[in-house]
Structure formats: structure tokens, C-alpha cells
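Please explain how this chain is put together, beginning with what it means for two residues to touch and then moving from a pair of helices out to the sheet.

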Amino acid sequence: MGTSGFFGNADTQLRRPICYNSGIVKFDLHIHSCLSPCANLEMAPSEIVRKAVSSGMDGIALTDHQSARNTPAIAECARRAGIKCLFGMEVQTAEEVHTLALFDTVEQALEMTEWVYAAMPKRVNDPETFGDQPIVTWDDDIVEMEWRILAMGCRRTIPETATKVHELGGLYIAAHVDRANHSVIGTLGMIPEPMVESEQQPDGGRFFDAVELSRTADESMWLPKIGDYAVTRSSDAHNIEDVARVWTEAEGEFSVAGLKAIFAAKATRISPRLTSF
Ligand SMILES: [Zn+2]
Ligand SMILES: [Zn+2]
């Protein structure tokens, strides 16, 4: 079922030449670098960009757990390679739910990081247990090891996090809603929406601008459960071969404003799910 979707066979699609004049942008919005303790250490920003370009992506987003400290490196890699990049993080909220915060600039993403760090336990990472958390340069030198444990949630709730993301001018996406753990549907049983005045978003909209299906999610089963939200599919890559294995495409501009318009129009198309690993 999943492989008979809009694009036909995923392997064929990956070999198709990129058509730069079509106005269609193809993107993977959920990628972890080596800074995420659970990601492979080969996930240098330079390697992520190389794989995304060779896979025909027009845009990517870097979304490490609770931190955007490798976004300066990937910004430079993306600039050199001529691929568009959004800068963000995967915020694990107080509800233990994973959510993506995406921004146009490194500065916005780093301000978001400070806000999340301020609501995290000051616990030192144990690399033996959780994995290393290197912050690197665009050309793969290690600058420092993030001392703070990133494999933990923060005290910010979904309404608080959504408000902060939108105040900073970003996009907020409910991550891998099909997963039983760490997802809005799996954990809360629904996609939460503003209920009281204090939860109203700066733009008057909902907490989430879109929802994400994971790479193996069967859209015929999940689309009815996400109502009228725009759907995305991204790789959630923790190793190089998974970068851009699945993707989303739409006609428009790859930027926060461009994606906001695409999401509002529910004009996304998602790649087929993976049925084998
Ligand atoms: Zn996640
Ligand atoms: Zn993730």
C-alpha cells in the first residue's frame, strides 16, 4: 500500500534529475547531527549536507535533541553547497512529547536553545551511558563537548513551547505522531489545541503548524487521525544513510514563511513510506 503512493517507487525517485525551475521544493525537516547523543558520530554537518545534496533535496533542517548548537556549522556547509537549510531542534516537552522547532536563522535557533536549556536539569552527560555530544565546525573539527545531558526532557509545556517558537518567528511541528512513545497522539491521545486565552498563539493559530509522519508510517491509516493539519514526512535520520530516505515536497519557497503558507494551504505531498530497512 505505502509504496504505491504519489511518487511510485522511492528508489526511482532518488535517481531522478532535479528540476530547478519547477517551483517544487523537496525537503527533509528532521535530521540529527553528532550532537544528539543517540546519533551516529559520523553525522557531521558536512556529511549530512553532502548526502542531502546527492539525494536531490532542495532543503533540510537540523533538529538535534534540545539543542541547536551545531546549526552554525551546518549553516556554513549548506551555504557552500548551495542547499537551503532551516535551523532548529527537537524539543522534548514537559509532556515527554517530541516536537520540532524550526527557524530561518541560527540566531533564532540559538535563542530557542537558551530558553530550553534554562528549563533543563543541570545534569552532566555521561557519554558511556548516553553517547558523546560533540559541537563541531563546518569542516569537522570538534569545538567542545556539550556537557549538559541532552537525552532528557525540559520543563516547558507544549503550549509554552509553541508560544515561544511562534514569538521567535518559527514553525512548530508535532514529530512522528504515529509513534507510540514521545508523540502527541501516542502520549496525549490527540493533537492539543489552544483552549484558554493564555494559550492563544501570537498569530492566532494553533500550537502546531503541521504534523510529521515517521518514515514507516502508513499514511492511509494515519491521515484520518490528523484531521486537517498539513502532513510532512521526514527521515528523523540518526545515521548518514537515512538522510533524505523519505521526504516532503511542495510548490513554494523553502523558508519559514514559505512553509507556513504551504502548510496553511495543506499543499504538501509526502514520499512513500519505507516498508523495509
Ligand atoms: Zn523524536
Ligand atoms: Zn528525532
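Two residues are in contact if their C-beta atoms, placed from the backbone, lie within 7 Å. The model discussed here is a predicted one. By that criterion, Pro45, Ser46, Ile48, Val49 and Val53 of helix α2 meet Ala73, Ile74, Cys77, Ala78 and Ala81 of helix α3. Sorted by class, the residues of this contact comprise nine nonpolar, one polar and no charged. The two helices, α2 (residues 45-54) and α3, pack at an angle of about 35°, and their axes are 9 Å apart. Their crossing is right-handed.

One residue of this contact may be followed individually. Ala81 lies in helix α3. Apart from neighbours within four places in sequence, Ala81 is in contact with Val49 and Val53. Ala81 and Ser46 are separated by 35 residues in sequence, whereas their C-alpha atoms are 9.3 Å apart in space. Is Ala81 buried, exposed or partly exposed? Ala81 counts as partly exposed because it has 13 C-beta neighbours inside 10 Å, and a residue is called buried only if 20 or more other C-beta atoms lie within that distance.

Helix α2 has a set of buried residues, namely Pro45, Ser46, Ile48, Val49, Lys51 and Ala52. The cover over these buried residues includes β1 (24-31), β2, α3 and β5 (134-136). Just after α2, Gly56 takes a positive phi of about 85°.

From the helices the description passes to the strands beside them. Strand β2 (residues 59-65) runs parallel to β3, and seven bridges join the two. Within this pairing, Ile60 has Cys85 in β3 as its bridge partner. Between these strands the chain passes through helix α3 (residues 71-81), and the resulting β-α-β crossover is right-handed. Helix α3 lies across β2 and β3, and its direction is at about 155° to β3. Strand β3 (residues 84-92) is mostly covered, with eight of its nine residues buried.

The loop between β2 and α3 contains Gln66. Most residues other than glycine have a negative phi. Gln66, by contrast, has a positive phi, near 60°. Why does Gln66 count as buried? Gln66 is buried because 25 other C-beta atoms lie within 10 Å.

On leaving β3, the chain forms a hairpin with β4, and five residues lie between the two strands. Glu96, in the turn, has a positive phi of about 70°. Strands β3 and β4 (residues 98-103) pair in the antiparallel sense over six bridges. Glu90 has Leu100 in β4 as its bridge partner.

These pairings belong to a wider arrangement. Nine strands form an open sheet of mixed pairing, in the order β9-β8-β7-β4-β3-β2-β1-β10-β11. Which strands stand at the edges? They are β9 (231-233) and β11; each has a single partner strand, so one side of each is left without a neighbour in the sheet. In a regular strand the side chains alternate between the two faces of the sheet.

Toward the β11 edge, β1 pairs with strand β10 (residues 248-251) in the antiparallel sense over four bridges. Ile24 has Glu251 in β10 as its bridge partner. Strand β10 is joined in turn to β11 (residues 269-270) by two bridges, and these strands also run antiparallel. Here the bridge partner of Glu249 is Arg269 in β11.

On the other side of the order, strand β7 (residues 171-174) and strand β8 (residues 210-213) pair in the parallel sense over two bridges. Ile173 stands opposite Ala210 in β8. Helix α9 (residues 256-264) lies across β3, β4, β7, β8 and β10, and runs at about 50° to β7.

A final point concerns the loop between β9 and β10, where Ala244 lies. Although not a glycine, Ala244 has a positive phi of about 65°. Ala244 counts as buried because it has 24 C-beta neighbours inside 10 Å.

Methods. Residues numbered from 1 in each chain as written. Chains lettered and ligands numbered in written order. Predicted model: local features only at pLDDT ≥ 70, side-chain atom pairs only at ≥ 80, totals over all residues. Buried ≥ 20, exposed ≤ 12 C-beta atoms within 10 Å, placed from the backbone. Pairing = 2+ DSSP bridges. Right-handed = clockwise from strand over helix to strand, strands pointing away. Axes fitted to C-alpha atoms, helices over the stretch in contact; angles between N-to-C directions. Left-handed = near helix turned anticlockwise from the far one by under 90°. Nonpolar A, V, L, I, M, F, W, Y, C, P; charged D, E, K, R; others polar.
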